[in-house]
Amino acid sequence: MRIDDEQNRDKPGAQGFRFAIVASLWNDSLVSRLIDGALAALKESAAADDAVEVFRVPGSFEIPLCALKAAESGRFAAVICLGVIIRGDTPHFDYVAGETARGISQASLKTGVPVLFGVITADNVDQANARAQTRQDNKGYEAALAAV
């Protein structure tokens, strides 16, 4: 049972704020759904169409640097980071997931700008797909609401 449905929370407004979305190109069929979810949440929160900029990077490992640059620019109230990292047969997953999380956190700590973690880390495609659905079942949507 979720307690964060529409009738149980006030929706903050995004009017007057600018947002950056930094999203990975890797696993694009899933990441594109996260971007769509984030854009929907920002629109529902009354963000202006021209108040959101989307930056695409090759993979999740590159998200933190782009997020840091966006946060340092002073142009955005928050930076929303989106990606999908799926475990494989090697330790590569652990390195990419760990460094992505650490870098996103460091970007926020260094700049004082909220940098939101909307990166799915999953053991398989089915788990990732379940977190890239609609509204509350979409980590992009959730990250954007948290940004607002």
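Two residues are in contact when heavy atoms of theirs lie within 4.5 Å. The exercises below use this meaning on a predicted model.

**Exercise 1.** Find which residues Ile 120 touches, leaving out residues up to four places away in sequence, and place Ile 120 in the nonpolar core.

*Solution.* Begin with the list of neighbours: Ile 120 touches Leu 34, Gly 83, Val 84, Ile 85, Ala 128, Arg 131, Ala 132 and Lys 139. Next, turn to the largest nonpolar core, which has 27 residues, and in which Ile 120 is one of those that touch the most other members, together with Phe 19, Ile 21, Leu 42, Ile 80, Leu 82 and Val 84. Then ask where the members come from: S1, H1, S3, S4 and H5 each supply at least two residues of this core, and H1 gives the most, with seven residues. Finally, note that another core, of 21 residues, lies apart from this one and has Ala 20, Val 57, Phe 93 and Ile 104 among its members. As background, nonpolar side chains in soluble globular proteins tend to be buried together.

**Exercise 2.** Describe helix H1 by its span, and work out how its buried residues are arranged around its axis.

*Solution.* First take the span: H1 covers residues 28-44, which makes 17 residues, and its reach of 24 Å from first C-alpha to last is close to the 24 Å expected at 1.5 Å a residue. Second, list the buried residues of H1, namely Leu 30, Val 31, Leu 34, Ile 35, Gly 37, Ala 38, Ala 41 and Leu 42. Third, look down the axis of H1, where these buried residues fall within an arc of 160°, so they line one face of the helix. The spacing agrees with a general rule: an α-helix has 3.6 residues a turn, so residues three or four places apart point the same way. Fourth, consider the face of H1 turned away from the buried side, which carries the exposed residues Ser 29, Asp 36 and Lys 43. Last, identify what the buried residues of H1 pack against, which includes the strands S1, S2, S3 and S4 as well as the helices H4 and H5.

**Exercise 3.** Decide which way the residues of S1 point, and state how S1 pairs with S2 and with S3.

*Solution.* Start with the side chains: Phe 19, Ile 21 and Ala 23 point one way from S1, while Ala 20, Val 22 and Ser 24 point the other way, and all are buried. Such a pattern is expected in general, as side chains in a regular strand alternate between the two faces of the sheet. Now turn to the pairing, where S1 and S2 run in the parallel sense over six bridges, with Val 54 in S2 as the bridge partner of Ile 21. S1 is also parallel to S3, to which five bridges join it, and in S3 the bridge partner of Phe 19 is Ala 78. To finish, add the helix to the picture: S1, H1 and S2 make a right-handed β-α-β unit.

**Exercise 4.** Is Ser 60 buried or exposed, and is His 92 buried or exposed?

*Solution.* Locate Ser 60 first, in the loop between S2 and helix H2. Its relative accessible area is 5%, and the cut-off for buried is under 20%, so Ser 60 is buried. Setting aside neighbours within four places in sequence, Ser 60 is in contact with residues including Ser 24, Gly 83 and Thr 100. His 92, by contrast, is found in helix H3, and its relative accessible area of 54% makes it exposed, since exposed means over 50%.

Terms used: Residues numbered from 1 in each chain as written. Predicted model: local features only at pLDDT ≥ 70, side-chain atom pairs only at ≥ 80, totals over all residues. Heavy atoms only, no water. Helix = DSSP H or I, 4+ residues; strand = E, 2+ residues; numbered from the N terminus. Expected span 1.5 Å × (residues − 1). Buried < 20%, exposed > 50% of the residue type's maximum accessible area, 1.4 Å probe, protein only. Arc of directions from axis to C-beta. Core = buried A, V, L, I, M, F, W, Y, C linked by side-chain atoms within 4.5 Å. Pairing = 2+ DSSP bridges. Right-handed = clockwise from strand over helix to strand, strands pointing away.
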